[in-house]
Amino acid sequence: MAWLKSSVVFIALFSSASSSGVCRANNGAEGLCKDVVLCSGTPESGHCPGSSSIQCCYDEKCTADGKNGICKLVSNCKGTPVAGHCPGSADNQCCVDEDDGSSGSPDGDCKAYSVSGNCKSVSSCHSESGISVPGFCPGSTSEQCCIKATQNDCGFVPETYYDAYDRGQNIGKIGTVKLLGKNIGTVTGCHFLKMRTAADVAGIPLILNSGFRTYEEQQHLYNCYHHCTSGCGSCNLAARPGYSNHEDGHAVDINIGSTTIYNWLKSHGHDYSFVRTVPSEKWHWEYRPGQAPAPYT
Ligand SMILES: [Zn+2]
């Protein structure tokens with residue numbers, strides 16, 4: 001929830017960044033300043049104004065001539081650059097047909113949101129620094145699809161894109177996947193799964209109660225808060241549609257049924273860039289890389 005956010009200045013900065021916020025990463029790649037959870041490529045901090053969540057997003061995924069590619073400067077494209085599909089200068093183009101060297105590696109025995117992995121126990125996945133993704137292996141739930149991830153991204157291919165909102169403003173499209181029945185942004189979902197894998201090995205089950213919410217879903221919760229009817233459920237306090245942090249893709253609600261779960265999150269959540277942001281809601285955590293842990297107990 002947390003619709004009371006400060007910094008009106010930030011809104012102004014972000015608006016200008018989203019229309020023309022071209023940036024350059026340390027390796028010279030051209031990108032666009034945007035919220036990390038809206039970045040389908042690699043985010044890098046230190047190049048954009050505003051909050052630490054606004055970073056220079058480069059190597060974004062693109063589609064040209066019906067092929068999937070990566071936005072790159074023409075000089076860095078080892079395949080075929082196609083103009084008109086990427087932000088920034090005319091030199092930043094959708095690079096398709098590029099052999100990234102991965103085509104020779106064998107596919108695993110499972111695929112999680114189009115990422116190849118291998119079905120195995122969560123503990124053996126964790127010991128290989130993998131990320132366990134539930135729901136993609138047959139049989140018992142003790143075997144999950146274990147994938148490798150780079151530091152920033154699991155490489156999940158979004159199943160659905162939705163409009164994301166921050167402080168009532170549309171901030172662009174967020175790519176989402178369905179994780180155990182809940183929608184979650186691919187970036188936040190990747191980091192939640194990283195945390196969930198470690199928690200599971202420690203005997204702590206992390207159950208996702210809510211991830212990304214659409215404007216319409218938030219509208220429903222808001223209506224229910226004001227007019228609690230039979231089709232509503234909990235009728236908990238809910239932010240106005242457009243103003244919930246579940247609509248900007250950062251927030252997750254985690255079932256904290258026992259104090260051991262909450263205590264684990266308090267000790268380890270920040271290791272995975274999850275911080276609390278609402279003093280009265282112990283279940284509400286947000287993926288906020290670079291943000292210090294909140295002092296709430
Ligand atoms: Zn929440």
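Which residue in β8 is the bridge partner of Ile 70? It is Cys 95, and the sheet around this pair is described below, after some remarks on the model itself.

Residues are numbered from 1 along each chain, following the sequence as written. This is a predicted model, in which local features need a pLDDT of at least 70 and side-chain atom pairs count only at pLDDT 80 or more, whereas totals for chains, interfaces and linings use all residues.

**Confidence and overall make-up**

The average pLDDT (the predictor's confidence in each residue, from 0 to 100) is 88 for the chain, and 89% of the residues score at least 70. Over residues 1–19 the pLDDT is below 50, yet this stretch has 31 contacts in the model beyond near neighbours in sequence, a contact being two residues whose C-beta atoms, placed from the backbone, lie within 7 Å. Residues 101–105 also stay under 50 in pLDDT, and for them the model has zero contacts beyond four places in sequence.

The chain has five helices and 19 strands; these are DSSP runs numbered from the N terminus, helices being H or I of at least four residues and strands E of at least two. Of its 297 residues, 41% count as buried, that is, 20 or more other C-beta atoms lie within 10 Å of the residue's own, with C-beta atoms placed from the backbone. Among the contacts with a separation of 6 or more, 51% come from residues 24 or more positions apart.

**Strand pairing**

Two strands pair if DSSP finds at least two bridges between them. Four strands make up an open sheet with antiparallel pairing, in the order β5-β6-β8-β7. Its edge strands, each pairing on one side only, are β5 (61–64) and β7 (80–82). Neighbouring strands of this sheet are turned against each other by 50 degrees on average, direction ignored, where the axes are lines fitted to C-alpha atoms and angles run from 0 to 180 degrees between N-to-C directions.

The table lists antiparallel pairs, including the one that holds Ile 70 and Cys 95.

| Strand | Partner strand | Bridges |
|---|---|---|
| β6 (residues 67–73) | β8 (residues 92–96) | four bridges |
| β9 (residues 110–112) | β10 (residues 115–121) | three bridges |
| β10 | β12 (residues 143–147) | four bridges |

Strands β9 and β10 form a hairpin with two residues between them, and Tyr 113 in the turn has a positive phi of about 50 degrees. Within this hairpin, Lys 111 stands opposite Ser 116 in β10. Strand β10 also pairs with β12, where Ser 121 stands opposite Glu 143.

Conventions: Buried ≥ 20, exposed ≤ 12 C-beta atoms within 10 Å, placed from the backbone.
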